[in-house]
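Let's look at a structure together and ask how we know what we say about it. Take a moment with the picture, then follow the questions.

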Amino acid sequence: MRQRARARLYVDDDLGDGLTVGLAAAQAHYLRHVMRLAPGDVVALFNGRDGEWHARVDGFGRGWCSLVIERQTREQGAEPDIWLLFAPIKRARLDFLVQKAVELGASRLQPVMTRHTDVKRVNVERLRANAAEAAEQCERTTLPAVDEAQPLTAVMADWPSERRLLLCAEAGSAQPIHDILTAEAVSGSAAVWAILTGPEGGFDPSELDALGKLPFVTPVSLGPRILRAETAALSALVCWQSVLGDWHSDRV
Ligand code: SAH
């Protein structure tokens, strides 16, 4: 009987029949000392390009592990094209936000600095590590792109105009997100989308004003309650996935 994979890892190497993959210290340590794998055990590998492969542990050394690839277990997949732009929040909740956004299938994560963002520096390598871990766990075959933090104004100035942006506006006056998205689904539009959420302090009225004037922006409400930043971002993603994404039968 074929062995079940005991762990699933994102690697950078090319994956293909019979190739050997060498893991660096952190992943080698994880397999050997956390998962307690031994030579002969099977691990699933993906690199975001070549699908998923089963590989067998060949050997461990000090700070390394080598694996021999045996067979492809999944074709390369793609996530729906949905970007999440968010004002960074404090560390533990930012980690949570990134992990959950990856589970929910976001294809790109862009931290944006807004007027009331009080986090001064974003460690993008940490965000990428969180994203890779979440992708390993939720069985994606892709990693999302994770961009360096940028000022909101710079991101808007460079915006690809064909991509529509759902501005989670927190104001009672915006239309409910579900109404906007279902109208899109009914119209059969092939638009691509992004979601933007603000910091704990909310968007400044001047930011909302400026955003409201951009032709690609649609302000939306996530209901009558004020959500914390991470709840808002994840709720908007859930709503998008269930109406226009791959939680919707026409789009699977
Ligand atoms: N400082 C604000 C709350 C900010 S909540 C206040 O105290 O009023 C953080 C972010 O989550 C907001 O900028 C917005 O993008 C989003 N958000 C929270 N609740 C929302 C809602 N009901 N509708 C739309 N967006 C919401």
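Q: What makes the pair formed by a backbone N or O atom of Gly223 and a nitrogen atom of the ligand a polar contact?
A: Keep in mind that this is a predicted model. The backbone atom of Gly223 lies 2.9 Å from a nitrogen atom of the ligand. A polar contact is a pair of N or O atoms within 3.5 Å, so the Gly223 pair counts as one.

Q: Which distances put Gly202 and Arg225 in polar contact with the ligand?
A: For Gly202, a backbone N or O atom is 3.3 Å from a ligand nitrogen atom. For Arg225, a backbone N or O atom is 2.7 Å from a nitrogen atom of the ligand. Both values fall within the 3.5 Å limit, so both pairs qualify.

Q: Which residues come nearest to the ligand?
A: There are 19 residues around the ligand, and Cys168, Glu200, Leu222, Arg225 and Leu227 come nearest.

Now for the helices.

Q: Why are α2 and α3 called oblique to each other?
A: The axes of α2 (residues 91–103) and α3 (residues 124–138) cross at roughly 40° and come within 8 Å. Roughly parallel needs an angle under 35 degrees, and roughly perpendicular runs from 65 to 115. The angle of roughly 40° fits neither range, so this pair is oblique. The crossing is right-handed.

Q: What kinds of residues make up the contact of α2 with α3?
A: Among those meeting are Leu94 and Val98 in α2, and Leu127 and Ala131 in α3. The contact divides into eight nonpolar, three polar and four charged residues.

Q: How do you know whether α5 and α7 are roughly parallel or oblique?
A: The axes of α5 (residues 177–187) and α7 (residues 229–243) cross at roughly 25° and come within 10 Å. That angle is under 35 degrees, so α5 and α7 count as roughly parallel. Their crossing is right-handed. Ile177, His178, Leu181, Thr182 and Ala185 in α5 meet Ala236, Cys239, Trp240 and Val243 in α7. This contact has seven nonpolar, two polar and no charged residues.

Q: Why does the word for α2 and α7 come out as roughly parallel?
A: These two helices pack at an angle of about 5°, with their axes 10 Å apart. Since 5° is under 35 degrees, α2 and α7 are roughly parallel. Residues that meet here include Phe96 and Leu97 in α2, and Leu234 and Leu237 in α7. The contact holds six nonpolar, no polar and three charged residues.

Notes
Residues numbered from 1 in each chain as written. Predicted model: local features only at pLDDT ≥ 70, side-chain atom pairs only at ≥ 80, totals over all residues. Heavy atoms only, no water. Axes fitted to C-alpha atoms, helices over the stretch in contact; angles between N-to-C directions. Helix = DSSP H or I, 4+ residues; strand = E, 2+ residues; numbered from the N terminus. Parallel < 35°, antiparallel > 145°, perpendicular 65-115°, else oblique. Left-handed = near helix turned anticlockwise from the far one by under 90°. Contact = heavy atoms within 4.5 Å. Nonpolar A, V, L, I, M, F, W, Y, C, P; charged D, E, K, R; others polar. Near = heavy atom within 4 Å. Polar contact = N/O pair within 3.5 Å; in protein donor to acceptor, adjacent residues only side chain to side chain.
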